[in-house]
Amino acid sequence: MSVLPSWNDGPARSAVLDFVTRIADEEGPDYVAPSERIATFDNDGTLWCEQPMQPQVFFLIDRVKQLAEKDPDIRERQPFKALLEHDHATMHQLGKQGLMELAFATHAGMTEEAFDEIAVAWLTTAKHPRYDRPFTQCIYQPQVELLDFLRGNLFTTFIVSGGGIDLIRAFAEDAYGIQRHKVIGSSARLRYELQGDHAVLMKAAELTSFNDRDVKPVNIGLHIGRKPILAFGNSDGDLAMLRYTKSGPGQRLALLIHHDDGEREVAYDREFRLSPLAEALDKATDYGITVVSMKRDWNTVFGD
C-alpha cells in the first residue's frame with residue numbers, strides 16, 4: 001500500500017481515507033478549504049510511547065539526579081526520593097499535573113535557550129528502559145505516516161499535549177515534521193529580563209497552563225483560532241478535544257488509539273493512573289469517535 005502502509009486495511013484506515021477524500025474534493029458537498037484543514041494530535045501515548053511513564057517523567061528524574069549531585073540531601077526528600085527510586089506508586093499519587101509542576105520547578109531560573117540545550121542533549125542520549133533505544137525512536141510509525149499524509153493533503157498539523165511545551169518543541173520538527181510554533185503544551189510562567197543589552201525570557205517555577213482535559217480546547221481556541229476538523233488522542237485527557245472537534249459543522253473525524261497490543265507495546269487503558277482511558281473508550285460510539293486498535297489496525301508500531 002502506497003498510502004499509510006503501516007495501517008492495516010480495516011474500518012479505521014478506511015475512515016481516514018474516506019474523510020480526507022471527501023474534504024479534499026472541490027466539487028463535492030463536503031469540501032473544506034485548506035485554511036480550515038486543522039488537525040490536532042496529542043503526543044504522549046498518541047505519537048510516542050508513554051509507558052511505563054511519560055518521557056517527560058524520565059527527563060524529570062534525570063534532572064533531579066543532576067540537582068542531587070549539587071545537593072545530596074535531595075535524595076532523602078520527597079517527592080525527589082520517589083523519583084530517584086522509581087517509586088511508581090508515589091509518582092502516581094502526585095498525578096500528571098503534580099509531576100509537571102515539579103518538572104517546571106526544577107528548571108526555574110534558566111533561559112529558554114538554556115533549557116532547549118539541556119532538552120536536546122537529553123533526547124540525544126537518554127534511552128527507553130524497555131526498548132533500549134532513544135525515546136525519539138519510540139515514535140509510532142503509523143502516526144508519522146498519517147501526519148505526512150494529512151500535510152500532503154494541505155492540512156496544518158498541531159500537537160496539543162499535556163506534556164511540557166518546551167520539551168516537545170526540542171524534537172517535534174525532526175520527529176514529526178511539526179514546527180515549534182505549532183506545539184501547544186503545558187507551560188511554565190516566563191519572565192522577561194534584560195541581561196546587559198541582551199533580552200531573554202527566564203523560566204519560573206510557576207505552572208501557567210496544565211494543558212489537559214477541558215484546557216485543551218481552550219488553548220486550541222487561544223493559540224490556533226480555528227476548530228480542528230480532525231483530532232487524535234489516546235486518553236480521557238483528550239476527550240474534550242475530541243468532542244470539541246466533532247461538535248462543528250460538516251465532515252469531522254475524531255480518532256482514539258487503544259493500546260491493546262501487549263506483545264509489541266503495552267496493553268493498558270483505565271488502569272494507567274497518570275493518564276487513564278475509560279469514558280472515551282466506553283462512550284466512543286455515542287460520541288462518534290473512531291477507535292483505532294493498535295493490535296488490529298497497525299502492522300507496525302515503531303519505525304526502524
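Tutor: Relative accessible area sets three classes: buried is under 20%, exposed is over 50%, and partly exposed lies in between. The model here is predicted.

Student: Why is His86 called partly exposed?

Tutor: His86 has a relative accessible area of 36%. Partly exposed is the class between the limits of 20% and 50%, so His86 counts as partly exposed. His86 sits in the loop between H3 and helix H4 (88–106).

Student: What makes the phi of His86 worth a remark?

Tutor: The phi of His86 is positive, about 55°, although His86 is not a glycine. Most residues other than glycine have a negative phi.

Student: Where is Leu4 placed, and what is its phi?

Tutor: Leu4 lies in the segment before helix H1 (11–24). Leu4 also has a positive phi, about 50°, and is not a glycine.

Student: How do you know whether Leu4 is buried or exposed?

Tutor: The relative accessibility of Leu4 is 3%. Buried requires a value under 20%, so Leu4 counts as buried.

Student: Why does Tyr192 count as exposed?

Tutor: Tyr192 has 56% relative accessibility. The class begins over 50%, therefore Tyr192 is exposed. Tyr192 belongs to strand S3.

Student: Which residues make the nonpolar surface patch?

Tutor: Leu190, Tyr192, Leu194 and Leu201 make a patch of about 400 Å². Strand S3 (residues 183–195) gives the largest share, three residues.

Student: What is the order of the strands in the open sheet?

Tutor: The seven strands run S4-S3-S2-S1-S5-S6-S7, and the pairing is mixed.

Student: Why do strand S4 and strand S7 stand at the edges?

Tutor: Strand S4 (198–209) and strand S7 (290–293) each have a single partner strand, so each has one side without a neighbour in the sheet. On average, neighbouring strands of this sheet are turned by 35° against each other, direction ignored.

Student: How do you know that strand S1 and strand S2 pair?

Tutor: A pair needs at least two bridges. Strand S1 (residues 38–41) and strand S2 (residues 156–164) have four bridges, in the parallel sense. One bridge joins Ile38 to Thr156 in S2.

Student: What kind of peptide bond leads from Gln51 to Pro52?

Tutor: The bond from Gln51 to Pro52 is cis, with omega near 5°. Pro52 is in the loop between S1 and helix H2 (55–70). Gln78 and Pro79 are likewise joined by a cis peptide bond, with omega about 5°. Pro79 is in the loop between H2 and helix H3 (80–84). Most peptide bonds are trans.

How values were computed
Residues are numbered from 1 along each chain as its sequence is written. This is a predicted model: local features need pLDDT of at least 70, side-chain atom pairs count only at pLDDT 80 or more; totals for chains, interfaces and linings use all residues. Side-chain values use heavy atoms; hydrogens and water are left out. Patches are made of residues with over 30% relative accessible area and no salt bridge: like charges are joined within 9 Å, nonpolar side chains (Val, Leu, Ile, Met, Phe, Trp, Tyr) within 5 Å. Accessible areas come from the Shrake-Rupley method with a 1.4 Å probe; for residues, only the protein chains shown count as cover. A salt bridge is a side-chain nitrogen of Lys or Arg within 4 Å of a carboxyl oxygen of Asp or Glu. Helices (H or I, at least four residues) and strands (E, at least two) are DSSP runs, numbered from the N terminus. Buried means under 20% relative accessible area, exposed over 50%, partly exposed in between (1.4 Å probe, protein chains only). Axes are lines fitted to C-alpha atoms, for helices over the stretch in contact, and angles run from 0 to 180 degrees between N-to-C directions.
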